[in-house]
Amino acid sequence: YDYLRHWVTTRLPPPPKIMQEPRTVVYYSRASADTLHGRQIEPSLEAKIIDMIRQAMVQYNRPEQELIVFTGQDSQGNTLSIEEQYKIFRSAKTIIGPHGAGMLGNFVWINPLPGKCERRVQVLEFIPSPESTAVQPLYQSLFLRWRHWPAEFHVLLYTAQSTADTTYIELNDLRDALEGMWGQRSTSLPQNTNPALPAAAVAIS
């Protein structure tokens with residue numbers, strides 16, 4: 001991972017604009033024609049999720065002025081180039097969404113050398129619970145692949161009604177998770193936003 005971090009930093013330095021605040025919040029949606037393995041958030045629920053994130057950005061006075069809904073495609077349905085995907089994820093301060101290749105593959109583009117803990121990218125990932133293993137293997141998460149990367153990991157668990165095709169989360173859990181990441185905290189350490197998951201697998205720098 002040290003070699004990969006060095007390669008990303010030296011070969012793909014971010015454009016000057018990306019290095020400046022405000023950065024962005026990226027929501028990863030699987031609602032794309034390119035998505036081959038289902039696991040899409042139920043459409044009406046996903047609209048509420050995106051709206052809740054926008055409201056939380058205002059409520060917690062987030063410095064990011066833009067929420068990017070990333071599907072891997074542009075407004076015309078064309079697949080984004082690697083360079084375009086790199087720019088989106090390199091600009092991100094927070095990444096939210098379901099576990100999947102669009103998040104897993106693009107995670108490599110985040111800043112690998114943030115310098116300070118508060119500059120780390122925050123990740124809130126939706127993953128299978130003991131009640132929703134029909135979706136994917138239990139606790140399938142970015143954390144398993146990228147735990148050595150300098151990021152702050154959080155998770156929300158899919159609800160029992162989730163299937164391999166359509167997934168669900170509790171909006172109240174999302175609200176609590178956003179407050180845990182963005183609200184006032186008594187410690188600088190990452191918070192466990194889902195007590196059902198072991199703390200060691202939830203927030204690791």
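Is Pro43 buried or exposed? In this predicted model, Pro43 comes out exposed, because its relative accessible area is 62%, over the 50% cut-off for that label. Pro43 is part of helix H3. Far along the chain but not so far in space, Thr167 sits 124 residues away from Pro43, with 9.6 Å between the two C-alpha atoms.

Helix H3 also has a packing partner. Two packed helices are described by the angle between their axes and the distance between the axes. For H3 (residues 43-59) and H7 (residues 171-182), the axes come within 11 Å and cross at roughly 25°. That angle makes the two helices roughly parallel, since anything under 35 degrees gets that label. As for handedness, the crossing of H3 past H7 is right-handed. On the H3 side, the contact is made by Leu45, Lys48, Ile49, Met52, Ile53, Ala56 and Met57; on the H7 side, the residues are Leu171, Leu174, Arg175, Leu178 and Trp182. Sorted by character, the contact residues split into ten nonpolar and two charged, with no polar ones.

Turning to charge pairs, how many salt bridges does a search of the whole structure find? The search turns up three. One of them joins Glu64 to Arg62, with 3.0 Å between the closest N and O atoms. Both of these residues, Glu64 and Arg62, are buried.

Another salt bridge pairs Glu83 with Lys87, the closest N and O atoms here being 3.5 Å apart. This one stays inside a single helix: Glu83 and Lys87 both belong to H4 (residues 82-90), and their spacing of four residues is about one turn of the helix. Glu83 counts as exposed, because its relative accessible area is 51% and the label applies over 50%. Lys87, at 38% relative accessibility, is partly exposed, so its value falls between the 20% and 50% limits.

The remaining bridge brings together the side chains of Glu152 and Arg120, at 3.5 Å from N to O. Distant parts of the chain are linked by this pair, 32 residues apart: Glu152 is in strand S6 (residues 151-157), while Arg120 is in the loop between helix H5 (101-106) and strand S5 (121-127). Why do Glu152 and Arg120 count as buried? Glu152 has a relative accessible area of 4% and Arg120 has 6%, and buried means under 20%, so both get the label.

Key:
Residues numbered from 1 in each chain as written. Predicted model: local features only at pLDDT ≥ 70, side-chain atom pairs only at ≥ 80, totals over all residues. Heavy atoms only, no water. Axes fitted to C-alpha atoms, helices over the stretch in contact; angles between N-to-C directions. Parallel < 35°, antiparallel > 145°, perpendicular 65-115°, else oblique. Left-handed = near helix turned anticlockwise from the far one by under 90°. Contact = heavy atoms within 4.5 Å. Nonpolar A, V, L, I, M, F, W, Y, C, P; charged D, E, K, R; others polar. Buried < 20%, exposed > 50% of the residue type's maximum accessible area, 1.4 Å probe, protein only. Salt bridge = Lys/Arg side-chain N within 4 Å of Asp/Glu carboxyl O.
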